[in-house]
Amino acid sequence: MVHPAEDNLSHTQLSSNVFEDLLESIIVDVASECHRIARLGLERNLEEEEEELRLSALARAGVADSGNSSEANNKYVVDIFGQTHPPVANELFDCMNCGRSVAAGRFAPHLEKW
């Protein structure tokens with residue numbers, strides 16, 4: 001018969017072993033992918049990465065500005081890729097409960113009524 005303290009220790013050891021195996025697997029995956037990228041010359045272009053960071057900063061600044069403005073509902077939102085989107089998704093979906101067409105941005109509140 002296993003003593004409760006020994007059982008607790010075995011669970012702790014088992015958990016530790018599982019964690020170590022998962023961590024090792026993740027490290028090997030990342031290292032292998034980095035090696036493959038370096039070996040094949042697939043390193044990312046730093047200029048593209050800087051452009052993504054710049055667009056991200058612009059998008060965040062735009063969201064912060066529109067949050068302080070009363071015109072936010074009338075403006076399109078610019079995402080990190082420089083694309084514009086309406087403040088409320090307007091693609092139509094058919095409600096599975098009532099069969100009406102509902103705009104995507106209003107779909108969740110519509111379903112809450114049911």
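A residue counts as buried when its relative accessible area is under 20%, as exposed when it is over 50%, and as partly exposed in between. Keep that in mind as you click around this predicted model.

**Stop 1: the whole chain**

Start with the cartoon view and no selection. You should find 3 helices and 4 strands. Follow the chain along its sequence and you'll meet them as α-α-β-β-β-β-α. Now switch on the surface: the chain exposes about 9,800 Å², with carbon and sulfur atoms supplying 57% of that. How many of the 114 residues count as buried? Just 5% of them do. As for contacts with a separation of 6 or more, 10% come from residues 24 or more positions apart.

**Stop 2: helix α1 and a nonpolar patch**

Select residues 4–40, which make up helix α1. Inside this helix, pick out V18. With 43% relative accessibility, V18 is partly exposed, because that value falls between the two cut-offs. Next, add L14 and L22 to your selection. Together with V18, they make a nonpolar surface patch of about 280 Å².

**Stop 3: two rings**

Now select F93 and F107 and show their side chains. The aromatic pair count here comes to 1, and F93 with F107 is that pair. To picture how two rings sit, you look at the distance of the centres and the angle of the planes. For F93 and F107, the centres are 6.2 Å apart and the planes are at 55 degrees, which makes the pair tilted.

Which parts of the chain does this pair tie together? F93 is in strand β3 (residues 92–94) and F107 is in helix α3 (residues 107–112), so the pair links parts 14 residues apart in sequence.

Try colouring the two by accessibility. Is F107 buried or exposed? F107 is buried, since its relative accessibility of 17% is under the 20% cut-off. Its partner F93, at 38%, is partly exposed.

**Stop 4: the cysteines**

Finish by selecting C34, C95 and C98. How many disulfides does the structure hold? The answer is 0. Zoom in on C95: its closest cysteine sulfur is in C98, 3.7 Å away. A disulfide needs the two sulfur atoms within 2.5 Å, so C95 and C98 are too far apart for a bond.

Check the surroundings too. C95 is buried, with a relative accessibility of 4%. Jump over to C34 and you'll find a partly exposed residue, with a relative accessible area of 47%.

Methods: Residues numbered from 1 in each chain as written. Predicted model: local features only at pLDDT ≥ 70, side-chain atom pairs only at ≥ 80, totals over all residues. Heavy atoms only, no water. Helix = DSSP H or I, 4+ residues; strand = E, 2+ residues; numbered from the N terminus. Buried < 20%, exposed > 50% of the residue type's maximum accessible area, 1.4 Å probe, protein only. Contact = heavy atoms within 4.5 Å. Areas by Shrake-Rupley, 256 points an atom, 1.4 Å probe, with all protein chains shown as cover. Phe/Tyr/Trp six-rings, centres within 6.5 Å; stacked < 30°, edge-to-face > 60°. Patch = residues over 30% accessible without salt bridge, like charges linked within 9 Å, V, L, I, M, F, W, Y side chains within 5 Å. Salt bridge = Lys/Arg side-chain N within 4 Å of Asp/Glu carboxyl O.
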